[in-house]
Amino acid sequence: MAELGMGIDIGGTNARVARVEPSGRIIGSAKAPLTDHSPAGVVASIAALVRQLGGEVPAHVGVGFAGMLRGPVVVNAPNFGWRNVDLGTPLAAALGTRVTLLNDLSAAAWGERMAGVARGCDDTFTVFVGTGVGSAIISAGHLVRGATQVAAEFGHLKVVAEGGRRCGCGEDGCLEAYLGGAKLLEWMKEAGLGGTIADLEQRALGGDPRSRELYDFAVGHLALAIANQVTVLNPRMVVLGGGVLARCPGIVARVREVVSRRSGAAARAGLEIAMAALGDDSGLVGAALLAG
Ligand SMILES: [Zn+2]
């Protein structure tokens with residue numbers, strides 16, 4: 001049992017805990033909705049899940065968390081309403097082990113690199129679009145963290161020069177304010193457009209002008225932003241995932257098309273664009289393997 005890692009995934013809605021083999025295979029997991037979003041409530045929920053999973057807690061546990069992090073501190077987590085909250089220290093104390101907090105996308109990118117579609121690939125750019133928009137960069141086999149550990153906050157890249165729609169991070173004009181699932185649904189409502197994002201895609205591609213306007217703006221900016229990142233980073237693989245991209249093949253097709261046309265020709269030579277293979281498990285697996 002000693003070689004088994006433990007991964008924890010803390011999202012806005014649910015928390016999950018799993019034991020993971022070095023191969024990336026999950027051999028036991030527990031999941032619960034996160035109803036109490038206070039720091040103490042989250043720590044208590046995770047400790048309860050770890051107890052429910054049973055067995056020994058490894059010496060080092062990886063935790064994927066949906067927010068900007070600096071060491072054990074959550075700098076900004078719009079889904080939780082947290083600013084500068086130390087989550088790592090009380091969580092380590094509650095579990096009686098060493099804990100490493102990772103941005104959820106860093107965990108997912110690592111999971112895909114170690115056990116998913118990007119297995120063995122040392123240079124990847126991973127973008128997930130779900131409730132929000134996130135990314136992670138792996139360069140020469142290492143996660144790029146940046147000087148203050150908040151690199152690759154792709155969802156908060158500005159897509160308009162001034163102003164723009166208000167983002168959950170408190171700034172204006174972020175990509176996530178247009179294409180994150182939560183914000184796009186808000187925007188659709190304001191525009192009198194009902195249904196899901198997959199419905200919006202169907203109507204837009206079917207020629208409905210109002211749907212087309214929103215869809216083209218949001219998807220066009222996502223696709224161009226990814227193309228520009230390819231130019232900057234020169235990855236071997238772009239890994240796409242998250243609920244919105246899984247349900248909207250038209251967005252993925254647009255990304256492929258725009259990257260093939262608008263990224264730098266030298267940077268995209270040999271580039272592969274692939275869908276994430278581990279589904280909801282990529283972050284859990286990545287967190288466990290990065291700590292293990
Ligand atoms: Zn933002």
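Contact, on this tour, means heavy atoms within 4.5 Å. Keep in mind as you click along that the model is predicted.

**Stop 1: serine 263**

Select serine 263, which sits in the loop between helix H9 (249–262) and helix H10 (265–268). Is serine 263 buried or exposed? Its relative accessibility is 5%, so serine 263 counts as buried. Now show what surrounds it: apart from neighbours within four places in sequence, serine 263 is in contact with Ala227, Val230, Thr231, Val258 and Arg268. Add the backbone of valine 259 to the view as well, where the side chain of serine 263 reaches the backbone oxygen at 2.6 Å.

**Stop 2: isoleucine 226 and its core**

Move on to isoleucine 226. Leaving out neighbours within four places in sequence, isoleucine 226 is in contact with Val127, Phe154, Val238, Leu240, Val255 and Val259. Isoleucine 226 belongs to the largest nonpolar core, which has 45 residues. Together with Phe154, Leu222 and Leu240, isoleucine 226 is listed among those with the most contacts inside that core. Which helix gives the most to this core? Colour helix H7 (residues 209–233) to see it: this helix supplies 10 residues. For a second, separate core, select Ala30, Val61, Ala77 and Leu101, which are among its 27 residues.

**Stop 3: the zinc ion**

Next, centre on the zinc ion. Its protein donors are His156 (ND1), Cys167 (SG), Cys169 (SG) and Cys174 (SG), at 2.0 to 2.4 Å from the ion. If you script your selections, the donor residues follow the spacing H-x10-C-x1-C-x4-C in sequence. Why is the arrangement called tetrahedral? The 4 donor atoms subtend angles of 105 to 119 degrees around the zinc ion, and all angles between 85 and 135 degrees count as tetrahedral.

Histidine 156 and cysteine 169 both lie in the loop between strand S11 (142–143) and helix H4 (175–179), so the pair ties together parts that are 13 residues apart in sequence. Switch on a surface and look at burial here: histidine 156 is buried at 13% relative accessible area, cysteine 167 is buried at 3%, and cysteine 169 is buried at 6%. While you have cysteines on screen, how many disulfides does a search of the whole structure find? The search finds 0.

**Stop 4: helix H11**

Finish with helix H11 (residues 282–291). Of its 10 residues, 9 are buried, so this helix is largely enclosed by the rest of the structure. To display the buried ones, select Ser282, Gly283, Leu284, Val285, Gly286, Ala287, Ala288, Leu289 and Ala291.

How values were computed:
Residues are numbered from 1 along each chain as its sequence is written. This is a predicted model: local features need pLDDT of at least 70, side-chain atom pairs count only at pLDDT 80 or more; totals for chains, interfaces and linings use all residues. Side-chain values use heavy atoms; hydrogens and water are left out. A disulfide is a pair of cysteine sulfur atoms within 2.5 Å. Buried means under 20% relative accessible area, exposed over 50%, partly exposed in between (1.4 Å probe, protein chains only). Donors are N, O and S atoms within 2.8 Å of the metal (3.2 Å for Na, K and Ca); water is not among the atoms, so sites may look incomplete. Four donors count as tetrahedral if all angles lie between 85 and 135 degrees; four count as square planar and six as octahedral if opposite donors are over 155 degrees apart and all others between 65 and 115; anything else is irregular. Helices (H or I, at least four residues) and strands (E, at least two) are DSSP runs, numbered from the N terminus. A polar contact is a pair of N or O atoms within 3.5 Å; within protein, one must be able to donate a hydrogen and the other to accept it, and residues adjacent in sequence count only if both atoms are side-chain atoms. A nonpolar core is a set of buried Ala, Val, Leu, Ile, Met, Phe, Trp, Tyr and Cys residues joined through side-chain atoms within 4.5 Å.
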